[in-house]
Amino acid sequence: AGKFTTQAFSDAKKNSRKITMLTAYDYTMAQILDESGIDSILVGDSLAMPIQGKDSTLEVTMEEMLYHCRCVAKGVRNALIVGDMPFMTYHINTDEAVRNAGRFIQEGKANAVKLEGGKHMADTVRAIVRAQIPVMGHIGLTPQSVNIFGGFKVQGKEESAARALVEDALAIEAAGAFAIVLEAVPEMLAKLISEKVSIPTIGIGAGKYCDGQILVIHDMLGLYSDFTPKFVKQYAKLRGSMSEAVASYVSEVRDSQFPEIQHTYKMNDEILERLY
Ligand code: KIV
Ligand code: NA
């Protein structure tokens, strides 16, 4: 298939071909997604939950994101890698934002960055794109705004909020973003936004009319069980499979059923005898 590029994002929308995205945070997972034909991998700050056991994304650092980006990059051949900019790494001013975006490319080996926010982030998006770094926008439920929203809940149900989201999408497109994530917005509002912008929309909890979809890998594999949003579909129940495997190991070791002969190394009997 070859490397998926930001140009391929744009071509996909023109050709009505849906874009597939998932998150990954490590080498093995990235390898599995890449081998399975995913178009693009987001190294999301959502790693705060399944990887770090936190209950929000607010404490994730640049260093942590760069570490996970490098791990993912090692496992990827074709997928476009998007690095998720953490809270407070693009909010102070555009200089800091550009410098931190640059680190995702140079140190994290990402191909693009993502940041949260609409109209008020347009200048930041523009500055990063001017530095030749592709930017993915993210509007709707932006988890870094949890303390302003007062929780994780659907956005854009009221008329004024819906209008604001349409304007946000248009502002992010005008600023030069190559795609935009729509998170937890009503399906028909996501459809309207997808029609109004020419860049692809990537939905999560935003219905089937988006130009692409993304899910958190631990959610869709059924690995993470602390909290499962309404928009998650579990394509596997890996937590159960893994628990069974671990329980089998525990009982076989206790019963001396593992390891068996085929798992062991031999040595010369005469040498052994002399050791006794
Ligand atoms: O961090 C993340 O995984 C995200 C996606 C859910 C869009 O931002
Ligand atoms: Na994120």
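This report describes the overall layout, the strands, the core and the annotated residues of a predicted model.

## Overall layout

The protein contains 11 helices and eight strands. Its C-alpha trace spans about 80 × 40 × 35 Å along the principal axes. Of the 276 residues, 42% are buried. Among contacts between residues at least 6 apart in sequence, 61% join residues at least 24 apart.

Two domains are assigned: domain 1 covers 6-236 and domain 2 covers 241-275. Their centres, taken over C-alpha atoms, are separated by 45 Å.

## Strand E1 and its partners

Strand E1 comprises residues 19-23, and four of these five residues are buried, so the strand is mostly covered. E1 pairs with E8 in the parallel sense, through four bridges. In this pairing Thr 20 stands opposite Gln 213 of E8.

E1 is also parallel to strand E2 (residues 40-43), to which three bridges join it. Here Leu 22 is opposite Ile 41 of E2. The chain passes from E1 to E2 by way of helix H2 (residues 27-35), and the resulting β-α-β crossover is right-handed.

## Nonpolar core

In soluble globular proteins, nonpolar side chains tend to be buried together. The largest nonpolar core of this model has 71 residues. Those with the most contacts inside the core are Ile 41, Val 43, Ile 81, Val 113, Ala 177 and Ile 180.

Ile 41, which stands opposite Leu 22 in the E1-E2 pairing, is also in contact with Leu 22. With neighbours within four places in sequence left aside, the other contacts of Ile 41 are Ala 24, Ala 30, Leu 33, Val 72, Val 76, Ala 79 and Ile 81. Ile 81 is itself among the core residues with the most contacts.

## Helix H5

Helix H5 runs over residues 122-130, and its buried residues are Ala 122, Thr 124, Val 125, Ala 127 and Ile 128. An α-helix has 3.6 residues a turn, so residues three or four places apart point the same way. The buried residues of H5 pack against two helices, H4 (94-106) and H7 (159-174), and against two strands, E4 (112-114) and E5 (135-140). Just after H5, Gln 132 has a positive phi of about 70 degrees.

## Residues annotated as binding site

An unreviewed UniProt entry lists Asp 45, Ser 46, Asp 84 and Lys 114 under "binding site". These residues span 70 residues in sequence, but no two of their C-alpha atoms are more than 12.4 Å apart, so they gather at one spot.

Asp 45 lies in the loop between E2 and helix H3 (62-75). Asp 45 counts as buried because it has 28 C-beta neighbours inside 10 Å, where 20 or more are required. Leaving aside neighbours within four places in sequence, Asp 45 contacts Thr 57, Val 60, Met 65, Asp 84 and Pro 86. One of these, Asp 84, carries the "binding site" annotation too.

Lys 114 is placed in strand E4, one of the elements against which the buried residues of H5 pack. Lys 114 has 25 C-beta neighbours inside 10 Å and therefore counts as buried. With neighbours within four places in sequence left aside, the contacts of Lys 114 are Leu 42, Val 82, Asp 84, Met 85, Met 136, His 138 and Val 181. Asp 84 is thus in contact with Asp 45 and with Lys 114.

## Residue annotated as active site

The UniProt annotation "active site", from an unreviewed entry, covers Glu 183. Glu 183 is in strand E6, which spans residues 179-183. It counts as buried because 23 C-beta neighbours lie inside 10 Å.

Not counting residues up to four places away in sequence, Glu 183 touches His 138, Gly 140, Leu 141, Thr 142, Ile 204, Gly 205 and Ala 206. His 138 is also a contact of Lys 114.

## An exposed loop residue

Lys 208 belongs to the loop between strand E7 (201-204) and strand E8 (212-215). With 10 other C-beta atoms within 10 Å, Lys 208 is exposed, the limit for that class being 12 or fewer. Met 188 lies 20 residues away from Lys 208 along the chain, and their C-alpha atoms are separated by 9.3 Å.

Notes: Residues numbered from 1 in each chain as written. Chains lettered and ligands numbered in written order. UniProt positions renumbered as here; feature names shortened; annotations may be inferred. Contact = placed C-beta atoms within 7 Å. Pairing = 2+ DSSP bridges. Right-handed = clockwise from strand over helix to strand, strands pointing away. Core = buried A, V, L, I, M, F, W, Y, C linked by C-beta atoms within 7 Å. Domains from an automatic or database assignment.
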